[in-house]
Amino acid sequence: MAINSIFGISASGMSVEMTRVDVATRNIANSHATRGVDGKSYVPLKVVSTAIAAQNFQSQLAAFANGEIPGAAKIQEIVELNVAPRMVHEPGHPDADAQGNVAYPNVDLLTEMLTLTEASRVYEANVQAFNAAKSMAMRTLDIGGHK
Amino acid sequence: MNIESLGSVTDVSPLKLETGGGLTSLEKSNSFVSILNQQLTETNSALMTSEAHLRRIAAGDSSNLHQAMIAMEEASIRLNLVVQIRNKLVDGYHEVLKMQL
């Protein structure tokens, strides 16, 4: 049923956008974390997503073999951004180094806010695409209806 | 007046009703009935999936709300399809009932 694969593709898009919101929220929440897990300080994260191949029969077959839907989006990985920490001079801080500088995660709030807005818009777009497919399916079932 | 023998009339071989190839043999292969049955099974499993999603949400796990919504919509479309097929069947049946004999 082709309509099901459209639903699956919409669902995968929603999953990716949810993850982007998740990661952006994590970045914002930890923007002042001077201590991270296992001694390292928090590093801003970024979602890398890829499309599942759907160009030819072979790639589609491979996608099905992996239990994926050809043409859908998937999260490749969540990477740590390669940015230097933001150094702030705070001599009294318990995590300050010898020079009195504290390393804060270099979270760009502007970028994170933009990611949040964009992700929620794209999520809405995915919902719209889903609704369009659904209403088309429902209209199809109206073919030959009496009233 | 010469009345001809009715022999030529009685020669007519009686109509033979074909007994083979009825519904019973149809049912075995890829008949409409088996397709409908398969469709019903799929619809049932779609409904079960959406129920499982609902259970998970009720238990407090709302991690994939959209999956649940999509599963419910899919189940509703499938159910609608089965209901439409049923309507068409009933329509056909009524049509046959109305037939003048």
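**View 1. Helix order in chain B.** From the N terminus on, chain B of this predicted model runs α-α-α-α. The chain has four helices and zero strands. Of its 101 residues, 14% are buried. Chain B exposes about 8,300 Å². Carbon and sulfur atoms supply 61% of that exposed area.

**View 2. A nonpolar patch on the surface of chain B.** Three residues make this patch: B:Leu47, B:Leu79 and B:Val83. The patch covers about 210 Å². B:Leu79 belongs to helix 4 of chain B, which spans residues 65–97. Is B:Leu79 buried or exposed? The answer lies between the two: B:Leu79 is partly exposed, at a relative accessible area of 40%. A residue joins a patch only with over 30% relative accessible area. B:Leu79, at 40%, is therefore above that cut-off.

**View 3. The interface between chain B and chain A.** On the chain B side, 13 residues are in contact with 16 residues of chain A. The size of an interface is often given as the accessible area lost when the parts come together. Here chain B and chain A bury about 1,300 Å² between them. Carbon and sulfur atoms carry 66% of this buried area. Which three residues supply the most of the area that chain B buries against chain A? They are B:His66, B:Ile70 and B:Ile77. Together they supply 43% of the chain B share, more than any other three residues.

**View 4. Salt bridge and polar contacts across the interface.** How many salt bridges link chain B and chain A? The count is one. Its partners are A:Lys134 and B:Glu73, whose side chains meet at 3.0 Å, N to O. A salt bridge requires the nitrogen and the carboxyl oxygen to be within 4 Å, so the pair A:Lys134 and B:Glu73 qualifies at 3.0 Å. Polar contacts between chain B and chain A come to two residue pairs, counted with both residues at pLDDT 80 or more.

**View 5. The surroundings of A:Ser10 in chain A.** A:Ser10 sits in helix 1 of chain A, residues 2–29. Is A:Ser10 buried or exposed? A:Ser10 is buried, because its relative accessibility is 4% and the cut-off for buried is under 20%. Which residues are in contact with A:Ser10, leaving aside its neighbours within four places in sequence? They are A:Asn126, A:Ala129 and A:Phe130.

Key:
Residues are numbered from 1 along each chain as its sequence is written. Chains are lettered from A and ligands numbered from 1 in the order in which they are written. This is a predicted model: local features need pLDDT of at least 70, side-chain atom pairs count only at pLDDT 80 or more; totals for chains, interfaces and linings use all residues. Side-chain values use heavy atoms; hydrogens and water are left out. Helices (H or I, at least four residues) and strands (E, at least two) are DSSP runs, numbered from the N terminus. Buried means under 20% relative accessible area, exposed over 50%, partly exposed in between (1.4 Å probe, protein chains only). Accessible areas come from the Shrake-Rupley method with a 1.4 Å probe; for residues, only the protein chains shown count as cover. Patches are made of residues with over 30% relative accessible area and no salt bridge: like charges are joined within 9 Å, nonpolar side chains (Val, Leu, Ile, Met, Phe, Trp, Tyr) within 5 Å. Contact means heavy atoms within 4.5 Å. Buried area is the accessible area (1.4 Å probe) that two parts lose on being put together, summed over both. A polar contact is a pair of N or O atoms within 3.5 Å; within protein, one must be able to donate a hydrogen and the other to accept it, and residues adjacent in sequence count only if both atoms are side-chain atoms.
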